[in-house]
Structure formats: C-alpha cells, structure tokens
Amino acid sequence: MTAAPRGSAPGGGRYGESVFRPGQAGEGERIDYGALAYDDTTWARLRALGVGPGWNCLEVGAGTGTIARRLLDEAGAASVLAVDRDVRFLSERRTPRLDVLEADVTAPHFVRGTFRLVHARFVLMHLAERERLVSALAELVAPGGVLVIGDAVDLTSDRAPATPYTAAMRAMWQGLRDTIGTDATSALSYPQLLRGAGLAAVGAEIHVPPLLPGSPISRFWADTWERSRAAMVATGLVDDAAVDQAVRYLDADDCAALSAGMLTAWGWKPEEAQA
C-alpha cells in the first residue's frame, strides 16, 4: 500500500519523504494493517475480472507486495512486475518469480512493455496530474487487458456525527493535502478518466471495512495518525490531545464511525481490430 512515486504537492512535500517514510520504524507493519483491511476486497475484484494463469501483471505502488504475491501464488500469473519508488519492503520479502523495479511512476516511460493487468491502489490520490497518469497507465495495458485503480474516499462529510474519529480524519486529510497534495475525493472521477483514456466496459465499486476495536483498519488509522501527527496539528483542526483522544476512541467500546472507503474502478483495453 505504499504508493510508487509521489509528485510535487501544494506544500512541496512527497509521500515517503514528508510523511510515511519507509525507513521509519514500523512503517512496513502500518502498510500491512491496511493490506489486511483491503486486500481481500481487491483480490475478489481481480479474480472476478478473470485474472489467472498466463497473465502478465504490473503492480504499481506495490508496498510490501501482498497483492503481487497473491497474483503469483493464488492466481498463477505468468509474471508480476512490482514497482515502487522505494522497494525496501519488496526486497526484504523476496518471492520467486516476482520481479521488482524501483522507479518513479510520474516519469515518462517508467516501465517498458504492456501488461494484461495493470493495478494501482492508494497511489494516484497522492499524485498531481491524475488524468495524465491514468492515461499513461492505460497505455501500459495490452489489448484485451484491464486497468484497475483504487483509492480512498473520505466519508467524513459535514453530515457525519462529531466524534474524536471524524475530527482526526478531517485533520489528517487536510494535513496530507497541505503537505503532499493528497486528494481523498479524486477517486470519484476515475470511471470518467478511464473512459476518457479509451478503455471500455468501465465499472466501479466501493468497499468500507468495519471500524471495530482492534481491527486491522483501526490499527492502520492509529498508526497513520501517529506518522502524520505534525501535519494534522499544523492544520489547526486538532491538537496533540485531540489526536491522542482519537487513537483511544478507536479501541473504545463506544466507537461508532465509518472508515474511509476504497473505491475501485476498472476498464478494458479494446482488442485490436483484425486486418
């Protein structure tokens, strides 16, 4: 769940540098908590799209490699290329037949070739020029292949009940927007962007994991708030005491809130016309 390469943000920061540094103790575990919360849903969608034996796959922003390994071990993919701007977690968990590439997805031609599956999750939301990047990823899809992109959707609207959790989430999204340009509303445009990139049979769905005490998603948000605390406090929406209260709230019996959703969208590259 680390994204591959992050672009410039309004505040000039980058994911993995200003916040969520891979070298920070426990960052791999934080990513794994997010994977535990979202991987099964992602996996069910990939299998429903037909991913299986013989497919060559590109996993963009591969993080600790949980989806990349499942593509090989469970789907029987012919090959998987896992790309990230920092590949230390992939290198630490080497898997036979998993190819690893350290590259910046915002760079032109960051990878060569085409793939039957191109998948990017929790990547584009942290990057500028999302429309261009969706088109660039679509160009990497082989005819008859599929592009699958997913990102978080903020559900803490003005109508959401006031709780320590919603206060912390609003501060987190604002803080990340200010520091690295994160946009937790960008996924809503993905079906249209996929269509605009020339893909067909476009579909989308949203999943909201249950926010329960001790659950992987609750632990993920607690760790995420700790690592983005400075950006959150800088917004003026919360102080350190409010962040601490929100962390305690996640494990409280009276915790009642909606986690951020994950919107997944996909589109197929039309087969080349027969001569």
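**A walk through the fold**

Let's start with who touches whom: in the protein chain, 75% of the contacts with a separation of 6 or more are between residues 24 or more positions apart. Keep in mind as you look around that this is a predicted model.

What is the chain built from? There are 9 helices and 7 strands in the protein chain. If you lay the C-alpha trace along its principal axes, it spans about 65 × 35 × 35 Å. You can also check the overall packing with one number, the radius of gyration. For 275 residues, a compact globule would come out near 19 Å, and the protein chain has 18 Å, so the two agree.

Now think about inside and outside. Of the 275 residues, 54% count as buried, and here "buried" means under 20% relative accessible area. The accessible surface of the protein chain adds up to about 11,600 Å². Carbon and sulfur atoms hold 50% of that surface.

Next, zoom in on a pair of helices. Two packed helices are described by the angle between their axes and the distance between those axes. Find helix H7 (residues 216–227) and helix H9 (residues 240–250): their axes come within 9 Å and cross at roughly 170 degrees. An angle over 145 degrees counts as roughly antiparallel, so H7 and H9 are roughly antiparallel to each other. Which residues make the contact? On the H7 side they are Ser 218, Trp 221, Ala 222, Trp 225 and Glu 226. H9 brings in Val 243, Ala 246, Val 247 and Leu 250. Sort the residues of this contact by character and you get 7 nonpolar, 1 polar and 1 charged.

Finally, hop over to two loops, each with a residue worth a click. Arg 97 isn't a glycine, yet it has a positive phi of about 75 degrees. You'll find Arg 97 in the loop between helix H3 (88–92) and strand E3 (98–102). Phe 122 isn't a glycine either, and its phi is positive too, at about 55 degrees. Phe 122 sits in the loop that runs between strand E4 (115–121) and helix H4 (130–139).

Are these two loop residues buried or exposed? Arg 97 has a relative accessible area of 48%, so it is partly exposed. Phe 122 has a relative accessible area of 6%, so it counts as buried. Try finding both residues in the structure above, then go back to H7 and H9 and trace their contact.

Note on methods: Residues numbered from 1 in each chain as written. Predicted model: local features only at pLDDT ≥ 70, side-chain atom pairs only at ≥ 80, totals over all residues. Heavy atoms only, no water. Axes fitted to C-alpha atoms, helices over the stretch in contact; angles between N-to-C directions. Helix = DSSP H or I, 4+ residues; strand = E, 2+ residues; numbered from the N terminus. Parallel < 35°, antiparallel > 145°, perpendicular 65-115°, else oblique. Contact = heavy atoms within 4.5 Å. Nonpolar A, V, L, I, M, F, W, Y, C, P; charged D, E, K, R; others polar. Rg over C-alpha atoms; globule rule 2.2 N^0.38 Å. Buried < 20%, exposed > 50% of the residue type's maximum accessible area, 1.4 Å probe, protein only. Areas by Shrake-Rupley, 256 points an atom, 1.4 Å probe, with all protein chains shown as cover.
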